[in-house]
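User: Please show me the sequence and the structure, so that we may work through the fold by question and answer.

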Amino acid sequence: MRLLVEVGHAAAIALVLVSVCGIAQADTVLDNWRFGTGEDGLVTASLYATNKLITGGGALSYSPILTIACRANSEPRWTEWLQLNDAVSASRRITMSVTVDQGSKFAESWSVGPRGRMLVRDGADGIRRLVSASRLLLSWRFGLLSGRGEADFDLAGLGEAVDQIAGSCKTDPP
């Protein structure tokens, strides 16, 4: 009888550990994402690239940041942008090379934001293509003679992040 109680106790402890570890794993999926809410109703989720870009003549490096956002009661409602430390030389639009999940590359036109340090793409379609993806690779030219930039993102937790943003915006996810 004592053996049965000890086995039951061990099984109960194992069940608690499994459930706690399962919860911890679910929380860690979103650990790489940073959430924010602005006074103007902008709700964001941001993710650092897994790679680094070299700046300042090779003295410094940084990871570009991908942000997805929703603005309640606005058009466009959904947007995504890439935050850079180095400016691109384009003034209005830039062609971005996009690869989702090791698939084929395709080109998209993104707007150049303030001081050339933000590349922006409006619309739910861009976010919709990423919801089920696990990896995103973006590549662009800094300028005619400046070379290319590349940002590689591990999109683990993106679906949950989009759901959280949509809930805060009181809208359907893309």
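**Strand pairing, disulfide and core**

User: Which residue in strand 6 is the bridge partner of alanine 69?

Analyst: In this predicted model, strand 5 and strand 6 run antiparallel and are joined by six bridges. Strands are DSSP runs of E with at least two residues, helices are runs of H or I with at least four, and both are numbered from the N terminus; two strands pair if DSSP finds at least two bridges between them. The partner that strand 6 offers to alanine 69 is threonine 79.

User: What is the mean pLDDT of the protein chain?

Analyst: The model is predicted, with local features needing pLDDT (the predictor's confidence in each residue, from 0 to 100) of at least 70 and side-chain atom pairs counting only at 80 or more, while totals for chains, interfaces and linings use all residues. Residues are numbered from 1 along each chain as its sequence is written, and side-chain values use heavy atoms, with hydrogens and water left out. Over residues 1-26 pLDDT stays under 50, and the model has zero contacts (heavy atoms within 4.5 Å) beyond four places in sequence there. In the protein chain, 80% of residues reach 70 or more, and the mean pLDDT is 82.

User: How many strands are there in the protein chain?

Analyst: The order along the sequence is α-β-β-β-β-β-β-β-β-β-α-β-β-α. Alongside three helices, the number of strands is 11.

User: Which residue stands opposite glutamate 80 in strand 9?

Analyst: Strand 9 (residues 118-122) pairs with strand 6 in the antiparallel sense over five bridges. Strand 8 also pairs antiparallel with strand 9, over two bridges, and serine 111 has valine 120 as its partner in strand 9. Opposite glutamate 80 stands arginine 121.

User: Which residue takes a positive phi in the hairpin of strand 5 and strand 6?

Analyst: In the hairpin of strand 8 and strand 9, five residues separate the strands, and arginine 115 has a positive phi near 55°. The hairpin of strand 5 and strand 6 has six residues between its strands, and the residue with a positive phi near 55° is asparagine 73.

User: How many residues apart in sequence are the parts that cysteine 70 and cysteine 169 tie together?

Analyst: The structure holds one disulfide (a pair of cysteine sulfur atoms within 2.5 Å). It joins cysteine 70 and cysteine 169, with the sulfur atoms 2.4 Å apart. The torsion about their S-S bond is about -135°, so the disulfide is left-handed. Because cysteine 70 lies in strand 5 and cysteine 169 in helix 3, the pair ties together parts whose separation in residues is 99.

User: Are cysteine 70 and cysteine 169 buried or exposed?

Analyst: Buried means under 20% relative accessible area and exposed over 50%, with partly exposed in between (1.4 Å probe, protein chains only). Strand 5 is mostly covered, with five of its seven residues below the 20% limit. Cysteine 70 and cysteine 169 are both buried.

User: Which element gives the most to the largest nonpolar core?

Analyst: A nonpolar core is a set of buried Ala, Val, Leu, Ile, Met, Phe, Trp, Tyr and Cys residues joined through side-chain atoms within 4.5 Å. Among the 37 residues of the largest one, Leu82, Leu119, Trp140 and Phe153 touch the most other members. At least two residues come from each of several elements, including strand 2 (42-48), strand 5 (65-71), strand 10 (135-143) and helix 3 (158-169). With six residues, the element that gives the most is helix 3.
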